[in-house]
Amino acid sequence: LSRFFKEKTNENFGEYITKTKMEIALKMLQNPNVKVYEVSKKLGFDDPNYFSNWFKKYSGQSIKSYRENILNKKQRED
């Protein structure tokens with residue numbers, strides 16, 4: 001199954017799951033009222049710090065920086 005998935009998607013299943021979770025996190029964290037530990041828990045990360053490390057590795061920025069950038073972008077749009 002793993003090889004078939006890799007052939008069809010050109011990525012392994014673990015990478016796909018991580019990418020999908022991080023894309024969901026990016027959307028959820030746009031809401032400043034949502035707590036990081038809540039997002040972490042909903043995505044299957046028991047430790048918010050571990051989640052934060054994965055988020056930074058995936059997005060290239062900390063959660064705090066990401067949220068500040070989103071807020072600044074929204075303010076410029078208004």
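Here is a short walk through a helix pair and the aromatic residues of this structure. The model is predicted, so local features need pLDDT of at least 70 and side-chain atom pairs count only at pLDDT 80 or more, while totals for chains, interfaces and linings use all residues. Residues are numbered from 1 along each chain as its sequence is written, and side-chain values use heavy atoms, leaving out hydrogens and water.

Let's start with helix 2 (residues 13-28) and helix 4 (residues 48-59), whose axes come within 10 Å and cross at roughly 95°. The two helices are therefore roughly perpendicular to each other (angles of 65 to 115 degrees). Helix 2 brings T18, K19, M22, E23, A25 and L26 to the contact, and helix 4 brings F51, W54, F55, Y58 and S59 (contact means heavy atoms within 4.5 Å).

Several residues of helix 4 return in an aromatic cluster, formed by F45, Y50, F51, W54, F55 and Y66 (rings pair if their centres lie within 6.5 Å). In F45 and F51 the ring centres are 5.4 Å apart and the planes stand at 55°, so this pair is tilted (planes under 30 degrees apart count as stacked, over 60 as edge-to-face and the rest as tilted). F45 is buried, at 10% relative accessible area, and F51 is buried too, at 0% (buried means under 20%).

Lysines join in as well. K21 lies over the face of F45, 5.2 Å from the ring centre, and the charged end of K57 sits over the ring of W54, 4.7 Å from its centre (NZ of Lys within 6 Å of the ring centre and within 35 degrees of the ring normal).

Notes:
Axes fitted to C-alpha atoms, helices over the stretch in contact; angles between N-to-C directions. Helix = DSSP H or I, 4+ residues; strand = E, 2+ residues; numbered from the N terminus. Parallel < 35°, antiparallel > 145°, perpendicular 65-115°, else oblique. Phe/Tyr/Trp six-rings, centres within 6.5 Å; stacked < 30°, edge-to-face > 60°. Buried < 20%, exposed > 50% of the residue type's maximum accessible area, 1.4 Å probe, protein only.
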